[in-house]
Amino acid sequence: MKITVLSSKAIKPSYGGAGAPSALAAAIPLTVFDKVNYDLYISGINLFRPPSPPNAVLAAGLPRALAEYREWAGRLGVDAAGRRTILLTDAGARFVEATADVSLDAIMPIEPSPAVLGLHPSGVGAEELLLVQVTRFACGSLAVGHTMHHAVADGRAACNFLLAWGQATRGVAFDPVPNHDRDVPAFLPRQPPLVTFQHRGVEFIKPSRGEENNKPGRRGEEVVVKRVRFSREFVAELRSRASSPAVARPYSAFQCVAAHLWRSVTKARRLDAREVTTLSVAVDGRVRIRRPPLAEGYTGNAVLWARPSVAAGELVSRPLAFAVELVSRAVARVDDGYFRSFVDFASSGAVEAEGLVPAADAAETVYCPDVEVDSLLHAPFYDMDFGRGPPFFFMPSYLPVEGSVLVVRSFAGDRSVDAYVPLFRRDMETFDKCC
């Protein structure tokens, strides 16, 4: 597949008859949740069957969406108080037009490989916080790839913007209604602060001193990414295996899939039985923060992580139900009280005084012996519509970070689940057999 870029231009917000906001240089300081998250770009690809709208129609809808979501047309910077900030400069987002020299059916289903990097812009060296690319295939099919900075938004909020782009293109109201206020009461520390959970060594750690270079495989060993399909029947089987009369309510499908992946990856790595492995699972504050709750359309980051830990030998030797219970208890622990405790600690000055840094390290490329499993099962990527119907396929970009797994709804539309699993090549064959 050869991708040819035809044009690349900045697209700025269009305010229509209302006129531009008076304070174009206004700034939005990053919240404690923005700053504790991964400081990197995230990318994904949506595929549409023909007929699809012309590029000009998509380009015309983007300024309307940016007029509401000004964060994505801004730039990261520092305000007068020295705080890292989104500067609302209206400098614009990047819009790229490209063509592919093959029909889409010739490469379907698209598997995670370096080839998919050509279907969305790279964030390397970029100033823009949002970069999108529309790629036309020889058959008329369309790929819409996005690259968005994680400091601005988590996966749910980024998806809401993409939906808004489609809604602006169709000329309909934004749904969900965006909430841009990052100075929300739930993000303000209590007076007096009440830190009731341990956050040192969890969300914040001491800077590493090169220990990560001693991890297995850091010296040039290849990481490969594989898409694994879990059918609806298999997911139901996992839930059945995890259930017991002692469980008050059934475990979620994602918790069962995450536990199964954690066990399978740990088996494939052949860790020492005494080595401790930790699973990281993102927990969305939109459904956890209660006093007061966050709006569904909140446009920033609102995620923390549940992190169950156990010795590798115990994890793989005990039944799936044991691992699922570990995951379930850890997720339940990250409740409203935990989020409030985190805000109090992150705002206390201890992070700066002790020289702590976020545990979410964008430079890390090997997670072994740990695993991260993030879910986009409920992100409404399949609701994205530019006027000719939703995409038939969504996939995250190729990201060869060993042990960082992403779970999405399958494009098959049969309630099956796809997991994108990056592992060292030497471990992938074993993973296939046990997963």
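**Entry 1: the three-stranded sheet**

I began with an open sheet of three strands, in the order S2-S5-S4. The pairing in this sheet is antiparallel. I was working on a predicted model. Which strands form the edges? They are S2 (27-29) and S4 (75-78), each of which pairs on one side only. I then looked up the angle between neighbouring strands here, which averages 40 degrees with direction ignored.

Next I followed one pairing. S4 and S5 (residues 84-87) run antiparallel to each other over four bridges. I found Leu 76 opposite Ile 86 in S5.

**Entry 2: the six-stranded sheet**

I moved on to an open sheet of six strands. I noted its order as S1-S6-S7-S8-S3-S16, with mixed pairing. S1 (3-11) and S16 are its edge strands, each paired on one side only. From one strand to the next, the twist averages 15 degrees.

I reminded myself of the background: strands of a sheet pair through backbone hydrogen bonds, either parallel or antiparallel. S3 (residues 41-48) and S8 are an antiparallel pair, joined over eight bridges. Phe 48 has Leu 142 in S8 as its bridge partner.

What lies across this sheet? I found helix H3 (residues 155-170) across S6 (93-100), S7 (130-136) and S8. H3 runs at about 135 degrees to S8.

**Entry 3: Thr 147**

I stayed with S8 (residues 142-149) and picked out Thr 147, which sits in this strand. Buried or exposed? I looked up Thr 147. Its relative accessible area is 0%, so Thr 147 is buried. What does its side chain meet? I found a polar contact with the side chain of Ser 43, at 2.9 Å.

I also listed contacts beyond four places in sequence. Thr 147 touches, among others, Tyr 41, Ile 42, Ser 43, His 120, Leu 129 and Leu 131.

**Entry 4: Glu 402**

I then turned to a loop. Glu 402 is found between strand S16 (393-396) and strand S17 (404-409). I expected nothing in advance and checked the accessibility. Glu 402 has a relative accessible area of 0%, so this loop residue is buried. A polar atom of its side chain lies 3.0 Å from the backbone nitrogen of Cys 368.

Which residues surround Glu 402, leaving aside neighbours within four places in sequence? I noted contacts with Val 223, Arg 269, Thr 365, Val 366, Tyr 367 and Cys 368. Pro 422, Leu 423 and Phe 424 are also in contact with Glu 402.

**Entry 5: the nonpolar cores**

How many residues does the largest nonpolar core have? I counted on the model's record of 71. Among those with the most contacts inside this core are Phe 230, Leu 261, Phe 342 and Val 407. Helix H5 (residues 253-269) gives the most to this core, with nine residues. Another core, of 60 residues, lies apart from it. I noted Tyr 69, Trp 72, Val 132 and Phe 381 among the residues of that other core.

I went back to Phe 342 for its contacts. Outside the four places on either side in sequence, Phe 342 touches Val 32, Phe 33, Val 36, His 199, Glu 203, Phe 204 and Leu 304.

**Entry 6: salt bridges**

How many salt bridges does the structure hold? I found 27. Side chains of opposite charge can pair when their charged atoms come close.

I looked at Arg 229 and Asp 418. Their side chains meet in a salt bridge at 2.5 Å, N to O. The pair links distant parts of the chain, 189 residues apart. Arg 229 is in strand S10 (residues 223-230), and Asp 418 is in strand S18 (residues 417-424). Arg 229 counts as partly exposed because its relative accessibility is 35%. Asp 418, at 1%, is buried.

Asp 284 and Arg 286 came next, with side chains joined in a salt bridge at 2.9 Å, N to O. Asp 284 is partly exposed at 22% relative accessibility. Arg 286 is at 10%, under the 20% limit, so it counts as buried. I also traced a network: salt bridges with shared partners join Glu 111, Arg 227, Arg 229 and Asp 418.

My last pair was Asp 272 and Arg 274. The closest N and O atoms of this salt bridge are 3.2 Å apart. Asp 272 is partly exposed, at 38%. Arg 274 has 70% relative accessibility, so it counts as exposed.

Terms used
Residues are numbered from 1 along each chain as its sequence is written. This is a predicted model: local features need pLDDT of at least 70, side-chain atom pairs count only at pLDDT 80 or more; totals for chains, interfaces and linings use all residues. Side-chain values use heavy atoms; hydrogens and water are left out. Helices (H or I, at least four residues) and strands (E, at least two) are DSSP runs, numbered from the N terminus. Buried means under 20% relative accessible area, exposed over 50%, partly exposed in between (1.4 Å probe, protein chains only). A polar contact is a pair of N or O atoms within 3.5 Å; within protein, one must be able to donate a hydrogen and the other to accept it, and residues adjacent in sequence count only if both atoms are side-chain atoms. Contact means heavy atoms within 4.5 Å. A nonpolar core is a set of buried Ala, Val, Leu, Ile, Met, Phe, Trp, Tyr and Cys residues joined through side-chain atoms within 4.5 Å. Two strands pair if DSSP finds at least two bridges between them. Axes are lines fitted to C-alpha atoms, for helices over the stretch in contact, and angles run from 0 to 180 degrees between N-to-C directions. A salt bridge is a side-chain nitrogen of Lys or Arg within 4 Å of a carboxyl oxygen of Asp or Glu.
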